[in-house]
Amino acid sequence: MSVIAAATTSTGEAVQFWILGTVAVIGAFSTILLKKSVHSALALAGTMVVLAVFYLANGAYFLGIVQIIVYTGAIMMLFLFVVMLVGVTAADSLKETLKGQRWLAVACGLGFGILLIGGIGNASLSAFNGLGAANALHGGNVEGLANLIFTKYVFAFEITGALLITATVGAMVLTHRERTERAKTQREMSEERVRGKHLPPLPAPGVYARHNAVDIAGLLPDGTPSELTVMKTLRDRGQIRDVSQEALADLKALEQRSGERLGREDADAVARGANPASAAENSEAAQ
C-alpha cells in the first residue's frame, strides 16, 4: 500500500504541478528570449523559486531551502546586482564574439534534453520506494542526505569542496594587481586635499527664477562671473552659460524703469546716490 501511495498523485499535487510547471516553463523561456539582461535574471530567479516549491512539496526540505537561500537568494541576486551595476541594456551589440557558440548551445540543450527524457523514462518504467521511505530510513531528509554525503559520496564531496576553494583562490590571484607606487599616509592625503584648495565653503551659483541656475556662474560685486560657483564637470563639458553682460543689461534696464516711475528728480537722486563722485563734481560746478 505504501508503494501504491507513493506512486499515486493526488488532485492537489496535480493542480500544483500544472500551475507551477507552467510558470517555470514561461520563466525559462523568458530567460532566453527577453532582450534585457535584468529581465532575464528576474525570470530565472522566478523559475528557481518554483523549483524550490517543487522540492518542498515532494519532501526534499533540504534541497528546497538550499534552492531558495543559496541559489535564488545569494547567487542569482549577485548576478542581478552585477548586471544592474554594469548597466547592460538592449542597446548593446548582439554580434557574436565566439564563433559557433549558438550551435554549441543547441548541442548542449539537446544533450540535456536527452538526459532528462532518459531519467524521466527510467523513473516511470522502474519501481521506486519514494522519498518518504528514503527519509524514514535515516530519520529524516536532512539526516538521509548527511548519511549519503559523508559515507557513500564522501570522496566526490571532498573533490567538489577542493574545486570550489581552488576556483576562489584562482579568482583572487587573477584579480590581484601589484602596487606600483607607495601607499599614501593619512596625513599626506589630508595635506593634498587642503593644500592649494578653497578652504571656506564655496559660494552659491547664480540664482535666476526663470530657470535652473546650476550652469550659470554667480556674479561677483564687480559684475564678473565667479568660476567657483559652478561644478567642474559642467566646466569641462563647456556647458556653462556666461550671462554677466545679460545680467548687467537687465540691471540697467531695471534702473531706468525705476527712474521713470519715480520721476526725474528722484531718478537724479538715484543716479547721484549710485555715483557719489559725479554728484560731487556737479555740486562744485554749480558753485
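Me: Why does Phe54 count as buried?

Reply: Keep in mind that this is a predicted model. Phe54 has a relative accessibility of 18%, and buried means under 20%, so Phe54 makes the cut.

Me: What makes Trp18 count as exposed?

Reply: Its relative accessibility is 61%. The bar for exposed is over 50%, so Trp18 clears that bar.

Me: And why is Phe17 called partly exposed?

Reply: Phe17 comes in at 45% relative accessible area. Buried would need under 20% and exposed over 50%, so Phe17 falls in between.

Me: Why is the pair of Phe17 and Trp18 called edge-to-face?

Reply: Check the centres, then the angle. The ring centres are 5.4 Å apart, and rings pair if their centres lie within 6.5 Å. The planes sit at 75 degrees, and over 60 counts as edge-to-face, so that's the label this pair gets.

Me: What makes the pair of Phe17 and Phe54 tilted?

Reply: Here it's 6.0 Å from centre to centre, with 35 degrees between the planes. Stacked needs under 30 degrees and edge-to-face over 60, so 35 degrees leaves tilted.

Me: How do you know that this pair ties together parts 37 residues apart in sequence?

Reply: Look at where the two rings sit: Phe17 is in helix H2 (residues 11-33), while Phe54 is in helix H3 (residues 37-57). So the pair links parts that are 37 residues apart in sequence.

Me: Which residues form one aromatic cluster?

Reply: Phe17, Trp18 and Phe54 do. As for the whole structure, it holds 3 aromatic pairs.

Conventions: Residues are numbered from 1 along each chain as its sequence is written. This is a predicted model: local features need pLDDT of at least 70, side-chain atom pairs count only at pLDDT 80 or more; totals for chains, interfaces and linings use all residues. Side-chain values use heavy atoms; hydrogens and water are left out. Buried means under 20% relative accessible area, exposed over 50%, partly exposed in between (1.4 Å probe, protein chains only). Helices (H or I, at least four residues) and strands (E, at least two) are DSSP runs, numbered from the N terminus.
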